[in-house]
Amino acid sequence: MSNNKLQEKPPSEMDINRIRADFPILNQEIHGCRLAFLDNAASAQRPTAVIDAVSRYYQHDHANVHRGVHTLSHRATDAYEGAREKIRGFINATSISEIVFTSGTTEAINLIASSLGQSISADDEILISHMEHHSNIVPWQMLCERTGAVLRVAPINEDGELLVDEMISLMSDRTRLVALTHISNALGTINPIEIIITAAHERNIPVLIDGAQAVPHTNIDVQKLGCEFYVFSGHKMCGPTGIGILYGREDWLERLPPWQGGGEMILSVNFEEAVYNRLPYKFEAGTPNIAGAIGLGAAIDYLQAIGMDNIAAYEATLLDYLTDQLSNVSDLQLIGTAKRKAGVQSFVIKDIHPHDLGTVLDHKGIAIRTGHHCAMPVMDFFEVPGTARASLAFYNTHEDVDQLIEGLAVAKDIFT
Ligand SMILES: Cc1ncc(COP(=O)(O)O)c(C=O)c1O
């Protein structure tokens, strides 16, 4: 927001208009229609503040970080490490040692699969859920293939809710890690991660939470959650692409071996051995995405100025409206009807393929996602090839939802 003032109440439509003005991309027509961008779960848009922060960095401050004695290198290092501190504060980590920059959620999960994986053997199990994004399935499958360990999968119900008791009953002294999404990208389900973390800890099992869909929409306090690892992506929270975060509890990160070797992650090297750097640099081999980190820091400033509680409250109201409106569309089946949900709604319409639907909507200026949403097991569960998915951000409006509903009527006229 341009004036960066904290707001006490959920933003009104008028505030939303001011917020929307911060996002230049929203102010355009697609195929001659007003843009209704409802594909935020795939990637959110960036406010001018983020675009400017990245541009300013490249125009004034760019040099490699940590290595130089010259002014630009100092400036780049200060900005990069300043961003790390902002991220620490945003999720309330204890120390910047716990904040590892990665290229995104996917890389953060692969980092843990690779690093923790070095001590996994054929007797071990990894426990995930049926509603995971492929990035919280495939790295564990690859690990199991390498080691002979077994991947266990906790089931879900017809509303797209995790069967918590079943997940807990799958925890055993063989379980080496529970890896669970905080919010499902395909279903919008908010998982009771606190219950799962407590149950896992009672059995001395560490927990990784995939927060890709949660961090943009709600307050996260990793100390309160107590999980060992929490991962997320910058581009889903108004930051740049190619930057993400692995939060790891310091004692765990200390214990884990590095996953990539190279510059930055070492203190000294000779031909006999390398001495690894302290945290978090031990996990950051090579020149990092400096501009991405700075942009993510600017995104956090922006989100905090609006207030995560305001964002969550506003999006909850808009989700209610979206769900109500979709429920009134004939022949439309909602996929994902959990009691606790974030701003994602998947659906299918009888006799219309989701891709056809998406194409017609695009011609009306409406951007939604269609397909399997990188969650093929979820599609298998609901016995659909894919869904249409509308996903909200705090800059969406009731008008966006109305435009979607009108677009659906047009699609139904064409196809049925
Ligand atoms: C729940 C969830 N996990 C992981 C990912 C992967 O994120 P990225 O592609 O930014 O690494 C996504 C992306 O859609 C997601 O929604």
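A residue is called buried when its relative accessible area is under 20%, exposed when it is over 50%, and partly exposed in between. The structure described here is a predicted model. Ser233 has a relative accessibility of 5% and therefore counts as buried. This serine lies in strand β9, which covers residues 229-233. The side chain of Ser233 makes a polar contact with the side chain of Thr105, at 2.5 Å.

Thr105 belongs to helix α4, residues 105-116. Thr105 is itself among the buried residues of α4. The Ser233–Thr105 pair is thus a side-chain contact in which Ser233 is buried and Thr105 is buried as well. The other buried positions of α4 are Ala108, Ile109, Leu111, Ile112, Ala113, Ser115 and Leu116. Helix α4 has twelve residues. Its first and last C-alpha atoms are 16 Å apart, close to the 16 Å expected at 1.5 Å a residue.

Helix α14 can be described in the same terms. It runs over residues 398-415 and has 18 residues. From first C-alpha to last, α14 reaches 26 Å, close to the expected 26 Å. Its buried residues are Asp400, Val401, Gln403, Leu404, Ile405, Gly407, Leu408, Ala411 and Lys412. In an α-helix there are 3.6 residues a turn, so residues three or four places apart point the same way. Buried positions of α14 include Val401, Leu404, Leu408 and Ala411. Buried charged side chains are also listed for α14, with Asp400 and Lys412 among them.

The largest pocket has a volume of about 480 Å³. Its lining comprises 28 residues. Ile183, Ile190, Thr218, Arg340 and Lys341 lie nearest the pocket centre. By class, the lining has ten nonpolar, ten polar and eight charged residues. Helices α7 (193-202), α8 (222-225) and α11 (308-327) each supply at least two lining residues. Helix α11 gives the most, with six. Both domains take part: domain 1 (13-46 + 307-411) and domain 2 (52-304) each contribute at least three residues to the pocket lining.

One distance relates helix α11 to a residue of the pocket. Ala313 is found in α11. With a relative accessibility of 31%, Ala313 counts as partly exposed, because this value falls between the two cut-offs. Ala313 and Thr218 are 95 residues apart in sequence. Their C-alpha atoms are 9.1 Å apart in space. Thr218 is one of the residues nearest the centre of the largest pocket.

The model also holds one cavity of 30 Å³ or more. The largest cavity encloses about 50 Å³ of space. It is lined by Asn40, Ala44, Pro216, His217, Lys236, Met237, Cys238, Glu315, Ala393 and Phe394. Six of these lining residues are nonpolar, two are polar and two are charged. The cavity lining, too, draws at least three residues from each of domain 1 and domain 2.

Several loop residues show backbone features of note. Most residues other than glycine have a negative phi, and most peptide bonds are trans. Asp351 is not a glycine, yet has a positive phi of about 70°. It is found in the loop between β14 (344-349) and α12 (354-362). At 65% relative accessibility, Asp351 counts as exposed. Cys374 also has a positive phi, of about 55°, and is not a glycine. Cys374 is found in the loop between β16 (369-371) and α13 (376-382). Its relative accessible area is 32%, so Cys374 is partly exposed.

A cis peptide bond joins Leu279 and Pro280, with omega about 0°. Pro280 lies in the loop between β12 (274-276) and α10 (290-306). Arg278 is found in the loop between β12 and α10 as well. This arginine is exposed, because its relative accessible area is 58%. Arg278 and Asp413 are 135 residues apart in sequence. In space, their C-alpha atoms are 62 Å apart.

Terms used
Residues are numbered from 1 along each chain as its sequence is written. This is a predicted model: local features need pLDDT of at least 70, side-chain atom pairs count only at pLDDT 80 or more; totals for chains, interfaces and linings use all residues. Side-chain values use heavy atoms; hydrogens and water are left out. On a 1 Å grid over the protein atoms alone, a cavity is a set of points where a 1.4 Å probe fits but cannot get out, and a pocket is an open set with protein on both sides within 12 Å along at least five of seven lines; lining residues have an atom within 4 Å of a point. Grid points are joined across faces, edges and corners, and a volume is the space filled by probe spheres set on the points. Helices (H or I, at least four residues) and strands (E, at least two) are DSSP runs, numbered from the N terminus. Domain bounds come from an automatic or database domain assignment. The expected span of a helix is 1.5 Å times one less than its number of residues. Buried means under 20% relative accessible area, exposed over 50%, partly exposed in between (1.4 Å probe, protein chains only). A polar contact is a pair of N or O atoms within 3.5 Å; within protein, one must be able to donate a hydrogen and the other to accept it, and residues adjacent in sequence count only if both atoms are side-chain atoms.
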